[in-house]
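Please find below my notes on the model, set out as numbered points. They deal with charged side-chain pairs and with the pairing of strands.

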Amino acid sequence: MTISDIDRLIQLLAKLPGLGPRSARRAALHLLKKRDSLMQPLARALDDAAANIRSCSACGNLDTADPCAICADPRRDAATICVVADVADLWALERAGSYKGRYHVLGGTLSALDGIGPGQLTIESLVARIPKEKPEELIFALNPTIQGDTTIYYIQKKLQGAGVKITTIARGIAFGGELEYADEMTLARSITNRLPVESYQSGR
């Protein structure tokens with residue numbers, strides 16, 4: 001392996017969340033020392049993931065099948081759809097184990113400063129799911145931030161008259177926090193103690 005190959009490996013690793021140049025160098029050295037037991041299996045796993053994993057056309061989850069295992073599971077409660085910003089949040093809620101309904105991944109939250117408008121998110125496909133699937137309740141599990149609140153308010157307005165109950169997870173998550181890093185018990189309590197969106201917004 002030439003020096004340029006090592007540099008390329010370090011540069012790619014440094015693009016991963018939580019890895020800067022120094023930690024990327026340590027990770028690269030660790031991989032190179034364990035080529036047979038770690039680096040080569042990792043390379044094969046990355047190739048397989050790139051070839052086989054796709055976004056679910058129904059909810060936006062990542063899986064090797066479309067629809068994903070959650071959408072295809074008849075045991076999931078079709079009466080509720082939990083709206084999350086990112087797949088990482090969906091996975092966090094699944095780890096908590098208290099929610100048994102279906103999901104919708106928006107792909108982010110509205111943010112004028114970051115140039116993220118409704119067209120960059122899957123809001124229209126969520127709106128289209130309501131008359132098609134006829135859920136009784138939408139549970140918004142977005143990060144408790146201004147962007148999350150703005151997104152909830154926007155979608156709520158889009159769904160006026162749709163006849164679906166709209167709730168949000170309780171404030172067990174601190175304002176400004178992120179679902180992905182919350183512990184499982186906090187997430188479980190937030191789902192169990194969810195609030196109507198009107199109460200949630202008036203309590204801010």
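**Notes on salt bridges and strand pairing**

1. At 12% relative accessibility, arginine 76 counts as buried, because the cut-off for that class is under 20%. I would keep in mind throughout that this is a predicted model.

2. Arginine 76 forms a salt bridge with glutamate 94, and the closest N and O atoms of this pair are 2.9 Å apart. The contact links distant parts of the chain, since arginine 76 sits in the loop between helix H4 (69-72) and strand E3 (77-84), whereas glutamate 94 belongs to helix H5 (residues 87-96), 18 residues apart. Unlike its buried partner, glutamate 94 is partly exposed, at 28% relative accessibility.

3. How many salt bridges does the structure hold? The count is four, and the pair just described is one of them. As a general point, side chains of opposite charge can pair when their charged atoms come close.

4. Another salt bridge joins aspartate 73 to arginine 75, with 3.1 Å between the closest N and O atoms. The two partners fall into opposite classes of accessibility: aspartate 73 is buried, with a relative accessible area of 16%, while arginine 75 is exposed, with a relative accessible area of 74%.

5. In helix H6 (residues 123-133), glutamate 133 and arginine 129 lie four residues apart, which is about one turn of the helix, and their side chains meet in a salt bridge with an N to O distance of 2.8 Å. Here arginine 129 counts as buried, at 6% relative accessibility, whereas glutamate 133 is partly exposed, with a relative accessible area of 28%.

6. Is strand E3 largely enclosed by the rest of the structure, or largely open? Six of the eight residues of E3 are buried, so the strand is largely enclosed.

7. The strand pairing of E3 deserves a separate point. E3 pairs in the parallel sense with strand E4 (residues 101-105), over five bridges, and also in the parallel sense with strand E5 (residues 137-140), over four bridges. Valine 83 has a bridge partner in each of these strands, namely histidine 104 in E4 and phenylalanine 140 in E5.

8. Helix H5, which carries glutamate 94, is also part of a right-handed β-α-β unit made by E3, H5 and E4. The salt bridge from arginine 76 thus concerns a residue of the helix in this unit, and I would suggest viewing the two features together.

Conventions:
Residues are numbered from 1 along each chain as its sequence is written. This is a predicted model: local features need pLDDT of at least 70, side-chain atom pairs count only at pLDDT 80 or more; totals for chains, interfaces and linings use all residues. Side-chain values use heavy atoms; hydrogens and water are left out. Buried means under 20% relative accessible area, exposed over 50%, partly exposed in between (1.4 Å probe, protein chains only). Two strands pair if DSSP finds at least two bridges between them. A crossover is right-handed if, with the strands pointing away from the viewer, the path from the first strand over the helix to the second runs clockwise.
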